[in-house]
Amino acid sequence: MATLKAVRGTRDLLPPETELWNRVEATARAVFARYAFGEIRTPIFEDTQLFARGVGEETDIVSKEMYTWEDRARAASEKAQSLTLRPENTAGVVRAYIEHKLDESGMLQKLFYIGPQFRRERPQRGRYRQFWQIGAEVIGPAWSGSERAIRDAEVLEMLATFLNEVGVKGWRLALNSVGSATDRPRYVAALREALAPVKATMCENCQRRAETNPLRVLDCKEPGDQATIEALPKIADFLDAESRDHFEQVKAALDTCGVPYVIDPRLVRGLDYYTRTTFEFTVPDGSGLGTQNALLGGGRYDGLSEMLGGPKAPGIGFAIGEDRLILTLQAQAAEATPKKLDAFVAPIGAAQNPAALQIAKELRAAGLTIEVGDGDFRLRKSFEAADKLAHRMVMVGEDEVASGILTVKYFEAGEQTKVPRSELAEALRTVPAK
Ligand code: HAM
């Protein structure tokens with residue numbers, strides 16, 4: 001029988017790598033808490049319409065990458081429905097914001113999430129069909145200040161702080177403004193006009209998009225189309241006074257906070273809901289991501305709530321590609337060596353197994369990280385396992401159990417001492433490993 005494997009584009013995460021995942025998530029939670037964010041968990045599948053309307057029918061995500069199926073009715077009370085595994089979490093958060101009437105408090109909602117997303121993309125390093133995002137959204141009625149440039153700057157400053165704290169080196173923030181709902185139609189009209197005489201020379205996708213959604217032409221990665229795209233009108237020349245002022249305020253606040261950025265006039269991002277500020281953080285070549293160097297992306301989406309049938313609720317947010325963040329940290333060797341346990345408790349002879357387990361229990365209760373050996377194994381095997389896994393080894397032989405005086409070996413120092421059982425936890429904690 002053929003052996004079963006994880007589905008293409010999905011993968012298992014195993015220790016010790018999961019330790020790094022947990023550290024990244026713990027750092028995100030700690031940093032986000034300092035900025036007054038609370039956690040939201042939305043379902044992994046949603047009504048297909050949510051993404052069609054929110055993310056946009058003409059985007060790559062919706063037009064070719066979603067896992068969608070017809071969910072048949074099982075009972076008279078249920079309707080057949082088209083469902084989709086979430087390709088991203090912003091639409092789900094805004095749906096929840098509308099559904100739970102979170103606008104009624106009049107307060108700014110600051111919500112973060114950590115979880116898997118699904119896109120049927122061609123798998124490669126840093127690009128998977130099931131991947132994880134750590135994201136956050138700031139959303140609220142206009143009178144809560146959700147539209148103000150200070151919110152954009154706060155989100156960007158928080159991201160810079162998070163990336164520094166988690167240990168990413170050499171990140172680069174690219175920033176742009178794609179204008180408001182009124183700037184956009186003027187820019188799209190200009191794009192359409194500029195594309196009309198040149199589109200026949202472009203790739204098939206661009207030819208279609210030049211008609212259906214010209215903004216998406218700017219996402220094209222075809223090398224042959226890049227010169228044509230470079231020569232197209234720039235969104236910056238179409239911003240009205242208000243959008244320009246908003247963008248200036250974002251930049252001024254970043255300057256004051258010392259967050260470095262570069263302006264990238266082509267950064268329109270691959271989702272339709274963006275207005276005004278858009279951004280991406282990338283890492284330098286050689287940081288383990290290959291061509292997938294976008295570590296995270298985000299922006300403002302002032303009309304998304306209305307697009308989903310909700311009240312006016314301007315917002316801004318981001319999503320970090322957690323898989324890519326981990327690859328970057330590994331490549332930058334931030335966590336190259338797995339952490340060792342505090343001690344390995346080695347029973348000498350099978351008869352000492354229960355006593356060893358009891359000692360391990362006491363040490364774990366004292367907050368130490370402990371692995372227990374097996375007295376059935378030869379002492380040499382216990383030594384080897386202990387040396388690999390832990391800083392120290394506690395030997396539990398018949399004499400030790402009877403006398404209550406245990407022998408502790410410190411591997412790095414190459415020393416061995418005797419410690420009374422009542423002082424063992426303290427000795428393992430305080431006597432330096434080296
Ligand atoms: P996005 O740019 O589509 O934005 O995705 C954000 C990040 O998710 C990317 O920068 C990348 O690191 C990661 N990512 C995307 N696709 C994959 C994949 N197939 N494999 C691994 N990582 C991937 C959004 O999803 C928006 N919801 C972000 C946002 C939040 N905008 C406003 N609020």
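Modeller: Domain bounds here come from an automatic or database domain assignment. The model is a predicted one.

Biologist: What are the two domains, and how far apart do their C-alpha centres lie?

Modeller: Domain 1 takes in 17-169 + 274-331, and domain 2 covers 341-430. Their C-alpha centres are 46 Å apart.

Biologist: What makes β5 and β6 a pair?

Modeller: Two strands pair if at least two bridges are found between them. Strand β5 (residues 109-118) and strand β6 (residues 130-139) have 10 bridges in the antiparallel sense, so by that cut-off they pair. Within β6, Q130 stands opposite F118.

Biologist: Why are β1 and β8 called edge strands?

Modeller: The open sheet of eight strands runs β1-β5-β6-β11-β10-β9-β7-β8, with mixed pairing. Both β1 (38-39) and β8 (262-263) pair on one side only.

Biologist: Which helices go with the sheet strands?

Modeller: Helix α5 (residues 149-166) lies across β6, β7, β9, β10 and β11, at about 20° to β11. Helix α11 (residues 322-331) packs on the sheet and touches β6, β10 and β11, its direction making about 50° with that of β11.

Biologist: How do you know that a residue is near the ligand, and which come nearest?

Modeller: A residue counts as near if its C-beta atom, placed from the backbone, lies within 6 Å of the molecule. There are 27 residues around the ligand, with E88, F131, G297, G317 and G321 the nearest. The elements giving two or more residues to this shell are β6, β10, β11 and α11; β10 gives the most, six residues.

Biologist: What makes up the shell by residue class?

Modeller: The shell holds nine nonpolar, 11 polar and seven charged residues. Gly counts as polar.

Technical notes. Residues numbered from 1 in each chain as written. Predicted model: local features only at pLDDT ≥ 70, side-chain atom pairs only at ≥ 80, totals over all residues. Helix = DSSP H or I, 4+ residues; strand = E, 2+ residues; numbered from the N terminus. Contact = placed C-beta atoms within 7 Å. Axes fitted to C-alpha atoms, helices over the stretch in contact; angles between N-to-C directions.
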